[in-house]
Amino acid sequence: MPARGRAGAGRRSGLRRGRDLLRDERALRAVPPADLAHLADDEYATLVNRRGELIDSALAELAQRFPATRDQTPAQLDSTVSDLGYILDFLGAALYVDDSSLFTEFVGWLVTILNSRGVPAVTVDASLAHYGRRLHDSPRAVDHLQRGRAVLPAVDRQAA
């Protein structure tokens, strides 16, 4: 008799788990679809399509404005290109989810990392300003970039 009781308890437990799973599935179906109306402006798609061109132009401007950039080792140049790409990737993510804090928190983190490597914040400011000029027809992107510049430590904007 005790063995049968355990088997019955197992079935009841299994039935409860089954009901719970069905409730969970129904709850998931009840979640309204995400509101992505902000993507109708094509800023995210434009940024993704122009990523390579934007990195190249930012790198060229950094080399022109900060001569030390021209003397980078291949590894340093690779890091610079990666950092310029990360800026665009996080800008794109912020545009996609419509949350500027995603971008501004990244910019604050990036400056901390670069500062530890001896890279001045003014180079990040110059890159953000460059991207803002190149993306002038994308108001949400420009807003995120301006907010990113606002979180930077005090920099000489004339140098940027």
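This report covers the fold, the nonpolar core, helix α6, the enclosed and open spaces, and one loop residue of a predicted model.

**Fold**

The protein contains six helices and zero strands, and its order along the sequence reads α-α-α-α-α-α. Of its 160 residues, 35% are buried. Among contacts with a separation of 6 or more, 74% join residues 24 or more positions apart.

**Nonpolar core**

In soluble globular proteins, nonpolar side chains tend to be buried together. Here the largest nonpolar core has 29 residues, and the members that touch the most others are L91, F103, V107, L128 and Y131. At least two core residues come from each of α2 (43-65), α3, α4, α5 (121-134) and α6 (139-150). V107 is one of the residues just named. Leaving aside residues up to four places away in sequence, V107 is in contact with V124, L128, G148, V151 and L152. L128 thus appears both among the contacts of V107 and among the members with the most core neighbours.

**Helix α6**

Twelve residues make up α6, and at 1.5 Å a residue the helix should span 16 Å; the end C-alpha atoms are 16 Å apart, so the expected and computed spans agree. The buried residues of α6 are R140, A141, V142, H144, L145 and G148. The cover over these residues includes α2, α3, α4 and α5. G148, buried in α6, is also one of the contacts of V107.

**Pocket and cavity**

Rolling a probe the size of a water molecule over the atoms shows where empty space is left. The largest pocket holds about 490 Å³ of space. Its lining consists of 20 residues, of which Q72, T80, L114, V119 and T123 are the closest to the pocket centre. The elements that contribute two or more lining residues to this pocket are α3, α4 and α5.

The structure has one cavity of 30 Å³ or more, and the volume of the largest cavity is about 40 Å³. Its lining is formed by A58, E61, L62, R65, A126, S127 and H130. Both α2 and α5 provide at least two of these residues.

The table sets out the two linings by element and by residue class.

| Item | Value |
|---|---|
| Largest pocket, element giving the most | α3, six residues |
| Largest pocket, lining classes | ten nonpolar, eight polar, two charged residues |
| Largest cavity, element giving the most | α2, four residues |
| Largest cavity, lining classes | three nonpolar, two polar, two charged residues |

Helix α5 contributes two or more residues to the lining of the pocket and at least two to that of the cavity. It also supplies at least two residues of the largest nonpolar core and is among the elements that cover the buried residues of α6.

**Loop residue D98**

D98 lies in the loop between α3 (74-97) and α4 (100-116). Its phi is near 60 degrees, a positive value in a residue other than glycine. Is D98 buried, partly exposed or exposed? The relative accessible area of D98 is 43%; buried requires under 20% and exposed over 50%, so D98 counts as partly exposed. The two helices that flank this loop are both among the elements supplying at least two residues of the largest nonpolar core, and both give two or more residues to the lining of the largest pocket.

How values were computed
Residues are numbered from 1 along each chain as its sequence is written. This is a predicted model: local features need pLDDT of at least 70, side-chain atom pairs count only at pLDDT 80 or more; totals for chains, interfaces and linings use all residues. Side-chain values use heavy atoms; hydrogens and water are left out. Buried means under 20% relative accessible area, exposed over 50%, partly exposed in between (1.4 Å probe, protein chains only). A nonpolar core is a set of buried Ala, Val, Leu, Ile, Met, Phe, Trp, Tyr and Cys residues joined through side-chain atoms within 4.5 Å. Contact means heavy atoms within 4.5 Å. The expected span of a helix is 1.5 Å times one less than its number of residues. On a 1 Å grid over the protein atoms alone, a cavity is a set of points where a 1.4 Å probe fits but cannot get out, and a pocket is an open set with protein on both sides within 12 Å along at least five of seven lines; lining residues have an atom within 4 Å of a point. Grid points are joined across faces, edges and corners, and a volume is the space filled by probe spheres set on the points. Ala, Val, Leu, Ile, Met, Phe, Trp, Tyr, Cys and Pro count as nonpolar, Asp, Glu, Lys and Arg as charged, and the others, Gly among them, as polar.
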